[in-house]
Every structure is written in C-alpha cells, then in structure tokens.
Amino acid sequence: MRAMESDGLPVPRRYWSAATIWLAMAMSVLDASIANIALPTLARELNTTAAASVWVVNAYQLAIVVSLLPLASLGELVGYRRVYQAGLALFTAASIGCALAPNLETLTVARVIQGLGASGIMSMNGALVRYTYPNAQLGRAVGLNALVIALSSALGPTLASAILAATSWHWLFAINGPVGIIAIAIALWALPHHVPAKRRFDIIAAILNALTFGPLILGADALAMGGNPWLGALGVAVGVISATLMVRRSLSQTHPMFPFDLLRIRAVGLSIGTSLTSFTAQSLAFVSLPFMLQYALGRSAVETGFLMTPWPLGVAVIAPIAGRLSDQPIGKALGAIGMAVMATGLLLLAFVPAQAAVWDIAWRMAVCGMGFGMFQAPNNRAIMGSSPRSRLGSAGGLLATGRLAGQTVGASLAAFLFHIAPGSRHLPLLLAAGFAVVAAVVSAFKMRGPDNASSAPAEPEG
C-alpha cells in the first residue's frame, strides 16, 4: 500500500490532482442546474407533462442526498480516491445513458444512477482537496473550490440555453462523456493516497440514512407544494422515525456514519450549522427572486437570467480572496462579516424600487454574492481544518449534506410562502435575510472559541 501524503502533494502533481477534482465537481454542479432549464424542452420532446418532467431534477438530487454520508463513510474505509474514481466513472457512464434515453422513465433511472455517481464525487471533494494541498494553503484551496462551484452555477443556465439553441437536449448530458474520460485518466495517477480505516461498513446506518432523508424531503415537499397531505405526512413521519433510530445508533458508536463525533467539535458543529443556515437563505432567495423580477418588476425571462448572474459572479470574485485570507488570523472574522453583508444585500433587494434600472438591481445581487463568497471559504476551511484526518471523508460528506439540506429547506420554504402569501414580493427575501442574520450571529459567536484554522494532528504514514 502506498503511503498517504502527510501534508499535500508536490508540484506539479498537486495541480493535476486539483484539476481532476474540480473538473468532476464542475460537471456534477452543472448537471444539477442545466436540467432545470431543459425541463420545458424535455416535457415537450418526451411527450410528458411538466409535473412529470420535474422528476428529471428530483431523481438526481434525491440520489445525491440519500447516498452522500454512506459514500463518505465508505471512502474512509476503502480510500477516498477509490470512491471518487468509481463515482466519476459511474457519473460519466450514466451521462451517456441519459443522452441515449428514449423516454422519461429511462431518463429518470439514468439520472438516479448519475446522481449516485455525483454523490461519490461530492462526498470525496473536501477530503481530496485537504490531502492535495498543504495545511498552510488549505484556505486558498477551499476558496478555489468555492470559485469552481460558483462559476459552474453561473454558467449552468447559459450553457444549457446555448446547447438547446444549437442542438438537441441529448447533448446536455453527452458532453460529459469526453470530459469525464479526461478527468478519469488524470485521476488514475494524480489523486492523493491515504491509509484506510480498519472498521466495517455500517449497512444498517446506510439504510436508516436513506429512510431519513428520502421520505423526509419528499414528504416536506408534498406538504409545501399543496400535494397529497396524507402522503406528505406519512413521508415526514417515516423520516422522523428513521432519524430518531439513526441518532440513537450513532450516539453509541465511535465513528458513526452520521458524524456526531465531528459535530461535538465546536468549530465543526457551529460551522455546519451556519453552512446549513446560509444555504437556506441562498436557496430561499434564488427560488423567489425570478418570480419577483418577472411578476413584480416586469422583467423578461432573458433579463431575469442576466440579472441573477451578478450573484454567482460576486461569489467567484470574492471566494478566492477570502480563501487566502482565511489562512491568516483575520479569517476568523470573515464569516460573520460575509453573512452580515449578504443580509444587507437581501434587504436591499427586498425593497428595490419597482421601476429600478438594471444596474440598480445588479449591484444589489452582487452584494449578496460577495457576502456569500466571503463567508463560504473560511467557514468550509474551519470544518475541514478542524476535523481529524481519519474523518475527513465524513467531514466532507457532512459539509455537502449541510449544503444540500439547506438548499432543500430554502426551496421548500419558498414554495410554502408562495402558497400562503402568493402576492408578497418582500416576505421571502426578508425571511432569507433573517436566516443570514442568524448565520452572522453564530459566526461571530464562533470567533470567541479556539482557533478554527488549526488543523487536526497528522496521522502516521502507512
């Protein structure tokens, strides 16, 4: 067995490892957003309803959510690079399956498989970044990671529109084929090694994890969207019971699949909480803003797309800078400042004049994005830098789960507000600002504790 890299990879192998990590991450993030743009086209060409076509998105997201923590745990047992490589290969093959799908049912199954592959990529992202870069540059690496995710999110709608304008929807997925093969080729030799843990995979915990997140998300979505209330309540009940059983099982274990041992670390627990809250605010705003722009401010769909772009671009500009600063003592203050800036931007958007010019809307969007980017890099650095090296897989899985859970909660809250107050343009953004303020307060409280940037003790090489 090859020895693990104790403090990052040497140059230039470090850059090749980063290239394959972020190339795969970009594909998985892009595929979460481009399908949204393609839903009307898919419904029309596959001869199905708009409601049924939404499963092209839901199937992908659900597969990721229910498998993130099990795959993160598996990575600690068999190796981070193995789970990543398997996930990348599965994602690439499933992308070809999506491109060749003749009907909605086949496409949905392929999207489930693609989501499992994306989960293998996302769950290993944080751990592989941590082993690729030395501890002194961890903040910089996390900032670049946030940059890749932000740019992928920003390019998703534009890329999807360009592909649909030039050719058929099949190429939305087929384009992953050659890119995935290149990423696999690099990953085979460039990714870092680590010494796997010597314990068994907890199958029962994996089942409870799936029975927690799947029914809970589907049930909450049904209740928020005005679906069948009995089925929605049943889903929530199954999720709550499964979550209770999973918590009881996890609390009695030394290395649980749902990593309560990591949540007991002050910096990790508070940072995960603020991450979930911040992504709830972001998702609540992202879902509600297009409706406000089009219905309340009278903007077209094309204008709406352009007006939303300054947000991810603001993240892309600030995140690398915040990442570098998070390696310095000032990094502990960036999270609170960033969330305060984001809350201010959301309040400014909530009360933007109805006849506001394009630039007047755009700069407010940019303020939100810059605040969000200022927060994410140091917050994620605190999580990965404060976790024991033997638990980096679970830390990365927990980080990704918190992000997706926050996005899901935010979208469900937006749907609920649309249902109870369909004419309000202020309420969703005011609630999002409230979540951002909570994240800012908790981030400020976190500053009073020990240095979050300190890394866990290195383990002996194998």
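**A walk through the model, starting at Leu-211**

Hi everyone, let me start with one residue: Leu-211 has a relative accessibility of 38%, so it counts as partly exposed. Here, buried means under 20% relative accessible area, exposed means over 50%, and partly exposed is in between, using a 1.4 Å probe and protein chains only. Before going further, please keep in mind that this is a predicted model, where local features need pLDDT of at least 70 and side-chain atom pairs count only at pLDDT 80 or more, while totals for chains, interfaces and linings use all residues. Residues are numbered from 1 along each chain as its sequence is written, and side-chain values use heavy atoms, with hydrogens and water left out.

Back to Leu-211, which sits in helix H9. When I say helix, I mean a DSSP run of H or I with at least four residues, numbered from the N terminus. Which residues join Leu-211 in a nonpolar patch on the surface? They are Phe-201, Ile-203, Ile-207, Leu-231, Leu-234 and Val-238, and with Leu-211 they have about 630 Å² of accessible area together. That area comes from the Shrake-Rupley method with a 1.4 Å probe, and for residues only the protein chains shown count as cover. Patch members have over 30% relative accessible area and no salt bridge; nonpolar side chains (Val, Leu, Ile, Met, Phe, Trp, Tyr) are joined within 5 Å, and like charges within 9 Å. Helix H9 (203-224) and helix H10 (229-251) each supply at least two residues of this patch.

Staying with H10 for a moment, Ser-250 is also in that helix, but Ser-250 is buried, at 4% relative accessible area. Its C-alpha is 16 Å from the C-alpha of Leu-74, and these two residues are 176 apart along the chain.

Now the salt bridges. The cut-off is a side-chain nitrogen of Lys or Arg within 4 Å of a carboxyl oxygen of Asp or Glu. How many turn up in the whole structure? The search finds seven.

One of them pairs Asp-31 with Arg-111, at 3.8 Å from N to O. Asp-31 is in helix H1 (residues 13-45) and Arg-111 in helix H5 (residues 104-132), so this pair ties together parts that are 80 residues apart in sequence. Both Asp-31 and Arg-111 are buried.

Next, Glu-76 and Arg-391 form a salt bridge whose closest N and O atoms are 3.0 Å apart. Glu-76 belongs to helix H3 (residues 55-78), while Arg-391 is in the loop between helix H16 (358-386) and helix H17 (392-420), so the parts tied together here are 315 residues apart in sequence. Are Glu-76 and Arg-391 buried or exposed? Both are buried. These two also belong to a network of salt bridges that links Glu-76, Arg-199, Asp-261 and Arg-391.

Then there is Asp-327 with Arg-381, a salt bridge at 3.1 Å, N to O. Asp-327 is in the loop between H14 and helix H15 (331-350) and Arg-381 is in helix H16, so the pair ties together parts 54 residues apart in sequence. With 4% relative accessibility, Arg-381 counts as buried.

That brings us to H14 itself. It runs over residues 310-325, 16 residues in total, and its first and last C-alpha atoms are 22 Å apart, close to the 22 Å expected. The expected span is 1.5 Å times one less than the number of residues. Where does H14 bend? The bend is about 30 degrees, at Ile-318, and Pro-320 follows within four residues. For the bend, take the angle between axes fitted to the seven residues ending at a residue and the seven starting there. The buried residues of H14 include Pro-310, Trp-311, Ile-318 and Pro-320.

What about disulfides? With a cut-off of two cysteine sulfur atoms within 2.5 Å, the count is zero. Cys-98 is buried at 0% relative accessible area, and Cys-368 is buried at 0% as well.

Last stop, the backbone. Most residues other than glycine have a negative phi, and most peptide bonds are trans. The bond from Val-11 to Pro-12 is cis, with omega near 10 degrees, and Pro-12 is in the segment before H1. Asn-47, not a glycine, has a positive phi of about 55 degrees. Asn-47 lies in the loop between H1 and helix H2 (50-53) and is exposed, at 71% relative accessible area.

Thanks, everyone!
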